[in-house]
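Hello,

Here is the structure I promised to pass on. My notes on it follow below.

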Amino acid sequence: MCKCFYCGKSFTPKKPEHIIPNCIGGKLKDKTILCGTCNQQLSSIDKAFDEFRLVNVLENPARDNGRVAQADGEVEGVRISIEPGFKDMHGFKVVSFDKSKKTARIAMFHTSGIGEAKNKEHLFAWLEKQGTGKDLPEQKKLEHFQAIWDRFCSKAERIESPLIHSANPCSFGENLLLAILKIALGMYCHWKLDRSFIERAVQVLRERKDVGQIVNWFALAPVPGVGTSHIVLLEGNPASQQLYAIISIYNAFSFFVLLNASYNGPQVHKIYCYQIKEHSEILLDASLSITPEQAQQILSASGEYVGSIIKNALNSVMKKHIRCSEDLRETLPKQTDWLLGAAKRIVSHLAWRSEFFSAEQYNEYFIQNLVISMESSPALSSLSDDFKRDLAVDVLKFLPYSNYKDRHYEGKILQILLEKIPPRLCLVKTGTVDKNWENIIEEEVANLGSQTFEDRELTLFLKQKFMPSCQFYVDMLKSSIRNVLKPIKTGLD
């Protein structure tokens with residue numbers, strides 16, 4: 001039997017509940033946290049995410065059932081429906097945000113770099129798909145398309161005269177905050193934590209009032225390296241007496257949830273990250289400390305400030321769908337050497353860390369670090385994180401897990417040698433270095449070849465890969481130590 005966190009009654013688990021709503025691509029399910037009656041009762045709260053319709057259309061998350069609903073819009077006076085996944089050759093940008101009407105005005109503007117003919121071809125195909133001018137004769141329809149294109153070209157650079165705007169609202173009202181609270185409570189219970197610490201938060205959800213006292217929008221920059229993801233971070237700190245969650249939808253729309261302001265339980269740090277485009281949970285090592293004073297500032301933020309947070313979040317989503325002005329087919333091949341160089345440095349960095357990573361950990365940390373490294377490349381920094389992740393996945397094929405393992409074991413063996421060699425080189429009495437220091441290095445490397453380790457794979461690497469190439473490592477160690485000895489007065493004279 002399980003206990004429902006909402007009504008408190010015991011129940012036999014049957015149908016699993018999506019903790020992050022499936023309408024925005026949530027996949028994590030749990031059938032032990034809500035009874036069927038409460039699950040049905042709370043399903044109405046999730047409808048608040050329907051007001052993210054334009055964002056859902058752009059991100060087009062995979063769903064278990066059905067597909068993302070189309071969004072309504074307008075192009076040059078022509079009413080249109082924007083299909084899911086529509087990321088055409090044009091860019092989007094938020095040009096105004098009307099807080100009273102809760103709507104965002106979106107502009108579409110021309111993209112350079114793919115050629116006028118291709119832009120025109122794409123626009124005509126799109127208008128055809130939308131059924132524009134379907135009742136006109138073919139020639140008249142083409143003339144109508146051409147007229148739209150001409151107006152498009154004349155206004156393309158004038159952001160104050162947008163070619164497209166969304167007809168769908170984007171809400172920041174209490175229903176959405178309740179939906180976010182439901183996610184936070186669902187994840188807390190999914191992690192099997194003590195429910196006595198969330199009783200007041202559950203009461204707020206149950207009564208559906210005063211939610212603004214514990215949940216609000218949060219100004220948080222997108223987490224680098226993870227692309228389009230849903231993220232839930234849970235922190236419990238008895239020192240600051242706070243239990244709170246930070247939730248980011250699409251790694252853009254972030255919220256702060258204060259689950260308990262008098263927390264006296266154990267230290268808690270949990271994180272969940274689901275990558276929308278890759279349809280999988282990924283590893284993420286992150287934390288964010290919020291003081292009680294900062295928590296109150298977040299929860300008491302003015303409506304105007306919240307409006308600016310929403311506008312910036314919308315803007316960050318739109319920017320991901322703006323193509324670069326430079327043709328990537330020319331840009332990317334020129335970046336091959338840079339990408340491989342950055343990738344090799346990342347492998348070395350990961351290999352020389354003391355902890356040994358699993359294949360899953362290595363793959364994700366490699367991808368995240370390479371995506372973050374691309375920020376330093378002028379040619380790659382403007383790409384979206386999702387595109388960068390795709391690039392990083394391709395580069396990973398050249399530096400697979402086996403490459404990392406070899407570098408890690410190589411580092412461990414060299415570390416053993418560097419612990420043994422220096423004490424033998426130094427002659428304590430005279431304060432000089434043994435004249436036979438090169439022979440000492442050769443002896444230590446040779447002696448190492450007969451050793452075995454508890455780690456069977458480390459022993460295999462030593463026997464099968466390190467020792468057959470031992471002269472390379474001997475020369476490398478000699479060169480390194482020679483450079484260290486140069487400025488030192490030694491007994492080598």
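**Aromatic pairs and a sheet**

The count of aromatic pairs comes to 17, where rings of Phe, Tyr and Trp (its six-membered ring) pair if their centres lie within 6.5 Å, with planes under 30 degrees apart called stacked, over 60 edge-to-face and the rest tilted. Please keep in mind that this is a predicted model: local features need pLDDT of at least 70 and side-chain atom pairs pLDDT 80 or more, while totals for chains, interfaces and linings use all residues. Residues are numbered from 1 along each chain as its sequence is written, and side-chain values use heavy atoms, leaving out hydrogens and water.

One of the pairs is Trp217 with Phe255, tilted at 45 degrees between the planes and 4.4 Å centre to centre. Trp217 sits in strand β10 and Phe255 in strand β13 (residues 253–260), 38 residues apart; strands are DSSP runs of E with at least two residues, helices runs of H or I with at least four, both numbered from the N terminus. Both Trp217 and Phe255 are buried, meaning under 20% relative accessible area (exposed is over 50%, partly exposed in between; 1.4 Å probe, protein chains only).

Tyr362 and Tyr401 are also a tilted pair, with 5.9 Å between centres and 50 degrees between planes. Tyr362 belongs to helix α11 (residues 359–373) and Tyr401 to helix α13 (residues 401–425), so this pair ties together parts 39 residues apart in sequence. Both tyrosines, Tyr362 and Tyr401, are buried.

As for the sheet, six strands form an open one in the order β10-β13-β12-β11-β14-β15, with antiparallel pairing (strands pair if DSSP finds at least two bridges between them). Its edge strands are β10 (215–217) and β15 (280–281).

Best wishes
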